[in-house]
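This report describes a single protein chain for a reader who has its sequence and coordinates at hand.

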Amino acid sequence: MKKTVALVVSFLFVFAVTGLSFSQEQKEAAPAPTKEEQKMPERKHAKQARHYMHGEVTAVDAAANTLTVKGKKGEVTFMIDEKTKFDKGMTLADVKVGDKLTVKYAEMGGKMMARNITMKKAHHHEKKEMKQEEKKEEMK
């Protein structure tokens, strides 16, 4: 009886060790992903994380490097850093409350990081109104 138990235990031990070695070989056989393959999901995620917002500036805080814009989604405060690009050589100091602009931003760690800020052009009908007002002034 002792010999039978010892024989069964030894067979189980051999099968367990053999099974582990086969599974280890299969894991090593899979090739490691290349650097390009590893960066692919990050690139896709980074592209998907970019958003746009069109609206009117409601607050500018140069000391805290923030810009608050009111748009269709409500008021959003954007963080400005050295990576933020401004339109036409502008800086944060050139942005004033009431300006209409477009902000391209990415959400990072719960903060909205502005990546590109461009001044929004006046709408066609606003330009017409301005021209009409200028004509009225000339006639006077």
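The sections below treat the overall fold, the largest pocket, the salt bridges, selected backbone angles, one strand residue and a surface patch.

**Overall architecture**

The structure is a predicted model. Its chain contains three helices and six strands, and these elements follow one another in the order α-α-β-β-β-β-β-β-α. Of the 140 residues, 19% count as buried. The accessible surface comes to about 11600 Å², and carbon and sulfur atoms account for 58% of that area. Among contacts with a separation of 6 or more, 51% are made by residues 24 or more positions apart.

**The largest pocket**

The largest pocket holds about 190 Å³ of space. Its lining consists of 11 residues, and those nearest the centre are His-54, Gly-55, Gly-71, Lys-72 and Lys-120. Which element supplies the largest share of this lining? Strand β1, spanning residues 50-61, does so with five residues.

**Salt bridges**

Side chains of opposite charge can pair when their charged atoms come close. In this chain the count comes to two salt bridges, and both are set out below.

| Basic residue | Acidic residue | Closest N and O atoms |
|---|---|---|
| Lys-100 | Glu-56 | 3.8 Å |
| Arg-115 | Asp-81 | 3.0 Å |

The salt bridge of Glu-56 with Lys-100 has its closest N and O atoms 3.8 Å apart. This pair links distant parts of the chain, for Glu-56 belongs to strand β1 and Lys-100 to strand β5 (residues 100-108), 44 residues apart. Glu-56 has a relative accessible area of 34% and is therefore partly exposed. Lys-100, with a relative accessible area of 39%, is likewise partly exposed.

The salt bridge between Arg-115 and Asp-81 has a closest N and O separation of 3.0 Å. This pair also links distant parts of the chain: Arg-115 lies in strand β6 (residues 111-119), whereas Asp-81 lies in the loop between β3 (74-79) and β4 (85-86), 34 residues away. Is Arg-115 buried or exposed? Arg-115 is buried because its relative accessible area is 12%, and the cut-off for buried is under 20%. Asp-81 has a relative accessible area of 22%, so Asp-81 counts as partly exposed.

**Positive phi angles**

Most residues other than glycine have a negative phi. Two residues of this model that are not glycine depart from that pattern and merit inspection of the backbone. Asn-65 has a positive phi near 55°. Asn-65 is placed in the loop between β1 and β2 (66-71), and its relative accessibility of 35% makes it partly exposed. Lys-88 has a positive phi of about 55°. Lys-88 is found in the loop between β4 and β5; with a relative accessible area of 69%, Lys-88 is exposed.

**The surroundings of Lys-104**

Lys-104 is located in strand β5 and is partly exposed, having a relative accessible area of 25%. Which residues does Lys-104 touch, not counting those up to four places away in sequence? The contacts are Arg-50, His-51, Tyr-52, Met-113, Ala-114, Arg-115 and Asn-116. One of these contacts, Arg-115, is also the salt-bridge partner of Asp-81. In addition, the C-alpha atom of Lys-104 is separated by 6.4 Å from that of Ile-117, a residue 13 positions away along the chain.

**A nonpolar surface patch**

Met-1, Val-5 and Val-9 together make a nonpolar surface patch of about 350 Å². Met-1 is placed in the segment before α1 (2-29). The relative accessibility of Met-1 is 79%, so Met-1 counts as exposed.

Terms used. Residues are numbered from 1 along each chain as its sequence is written. This is a predicted model: local features need pLDDT of at least 70, side-chain atom pairs count only at pLDDT 80 or more; totals for chains, interfaces and linings use all residues. Side-chain values use heavy atoms; hydrogens and water are left out. Patches are made of residues with over 30% relative accessible area and no salt bridge: like charges are joined within 9 Å, nonpolar side chains (Val, Leu, Ile, Met, Phe, Trp, Tyr) within 5 Å. Accessible areas come from the Shrake-Rupley method with a 1.4 Å probe; for residues, only the protein chains shown count as cover. A salt bridge is a side-chain nitrogen of Lys or Arg within 4 Å of a carboxyl oxygen of Asp or Glu. Helices (H or I, at least four residues) and strands (E, at least two) are DSSP runs, numbered from the N terminus. Buried means under 20% relative accessible area, exposed over 50%, partly exposed in between (1.4 Å probe, protein chains only). Contact means heavy atoms within 4.5 Å. On a 1 Å grid over the protein atoms alone, a cavity is a set of points where a 1.4 Å probe fits but cannot get out, and a pocket is an open set with protein on both sides within 12 Å along at least five of seven lines; lining residues have an atom within 4 Å of a point. Grid points are joined across faces, edges and corners, and a volume is the space filled by probe spheres set on the points.
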